[in-house]
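Visitor: I'd like to walk through this one with you, a pair of side chains and a pair of helices at a time. Could you take me round?

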Amino acid sequence: MKILLQVALVFGIYWVGQGIEAVLPFAFPASVISLLLLLVLLSIGTMLTVQHQTKALLEQLDNLESIVDTGDLEAAEAPFTEFTAQWEQTERILNFMVWRDRIVSVDETISHLDPMCSSDCDELKSELQEARMWIQRLRQGEFPLLRNIF
């Protein structure tokens, strides 16, 4: 059923391209219009997915930072485990959509958090802020601005 829906979507986009071709005052192939339309839709879908995934990570990071600010590292273990599990899931999804070097930067910072969270380390807050910075850069880098395109 999933494949049938996907084929129907591609045909629907092609029919929209046919309609646009009929309206245009000059000759332009409907298949090219359909490909451009498909490219735009995939770009929008990628952007929305990245925005949604990074928003969830930033919310969990806010929760983790508020617990770390209280100084209770034992209470921070469960939110930290949830945060790393969410990151692993997000990483698998974003590997198909984002440049690998951006994901590696976030992954390195999050891997530094694991030993710091289990012991009383002074650098934990700065590493959490660095993780926030890399996640925000990842989020802003996928927003369709002119500086991100060229």
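Guide: Sure, and one term before we start: a residue is buried if its relative accessible area is under 20%, exposed if over 50%, and partly exposed in between. Keep in mind that this is a predicted model.

Visitor: Let's try that on E91, then: buried or exposed?
Guide: E91 has a relative accessibility of 14%. The cut-off for buried is under 20%. So E91 counts as buried.

Visitor: Which residue does E91 form a salt bridge with, and how accessible is that partner?
Guide: The partner of E91 is R100, and the closest N and O atoms of the two are 3.7 Å apart. R100 counts as partly exposed, whereas E91 is on the buried side. The relative accessibility of R100 is 43%.

Visitor: How many salt bridges are there?
Guide: The rule asks for a side-chain nitrogen of Lys or Arg within 4 Å of a carboxyl oxygen of Asp or Glu. Counted that way, the number of salt bridges is four.

Visitor: How far apart in sequence are the parts that R132 and E65 tie together?
Guide: These two form a salt bridge, with 2.8 Å between the closest N and O atoms. R132 sits in helix α5 (residues 124-141) and E65 in helix α2 (residues 30-70), so the parts being tied together are separated in sequence by 67 residues.

Visitor: And are R132 and E65 buried or exposed?
Guide: R132 comes out at 16% relative accessibility. For E65 the relative accessible area is 17%. Since the limit is under 20%, R132 is buried, and E65 is also buried.

Visitor: K125 and D69 form a salt bridge too; where in the chain do they sit?
Guide: Their closest N and O atoms are 3.7 Å apart. The pair links distant parts of the chain, 56 residues apart, with K125 in helix α5 and D69 in helix α2.

Visitor: Which of K125 and D69 is exposed, and which is partly exposed?
Guide: K125 has a relative accessible area of 41%, so it falls in the partly exposed class. D69 has 52%, and exposed starts over 50%. That makes K125 partly exposed and D69 exposed.

Visitor: On to helix packing: how are α2 and α3 oriented relative to each other?
Guide: α2 and helix α3 (residues 77-94) pack with their axes 10 Å apart, at an angle of about 165 degrees. Angles over 145 degrees count as roughly antiparallel, so α2 is roughly antiparallel to α3.

Visitor: What is the handedness of that crossing, and what kinds of residues make the contact?
Guide: α2 passes α3 in a left-handed crossing. Among the residues that meet are V50, L57 and L64 in α2, and F80, F83 and W87 in α3. The residues of this contact divide into 12 nonpolar, six polar and one charged.

Visitor: V50 is in that contact; which residues does V50 touch beyond four places away in sequence?
Guide: V50 lies in helix α2 and is buried, at 0% relative accessibility. Leaving out residues up to four places away, V50 touches L94, V98, L138, R139 and E142.

Visitor: Last one: how do α1 and α2 lie to each other?
Guide: The axes of helix α1 (residues 2-23) and α2 come within 8 Å, crossing at roughly 125 degrees. That angle lies outside the parallel, antiparallel and perpendicular ranges, so α1 and α2 are oblique.

Technical notes: Residues are numbered from 1 along each chain as its sequence is written. This is a predicted model: local features need pLDDT of at least 70, side-chain atom pairs count only at pLDDT 80 or more; totals for chains, interfaces and linings use all residues. Side-chain values use heavy atoms; hydrogens and water are left out. Helices (H or I, at least four residues) and strands (E, at least two) are DSSP runs, numbered from the N terminus. Buried means under 20% relative accessible area, exposed over 50%, partly exposed in between (1.4 Å probe, protein chains only). Contact means heavy atoms within 4.5 Å. Axes are lines fitted to C-alpha atoms, for helices over the stretch in contact, and angles run from 0 to 180 degrees between N-to-C directions. Angles under 35 degrees count as roughly parallel, over 145 as roughly antiparallel, 65 to 115 as roughly perpendicular and the rest as oblique. A crossing is left-handed if the near helix is turned anticlockwise from the far one by less than a right angle, and right-handed if clockwise. Ala, Val, Leu, Ile, Met, Phe, Trp, Tyr, Cys and Pro count as nonpolar, Asp, Glu, Lys and Arg as charged, and the others, Gly among them, as polar.
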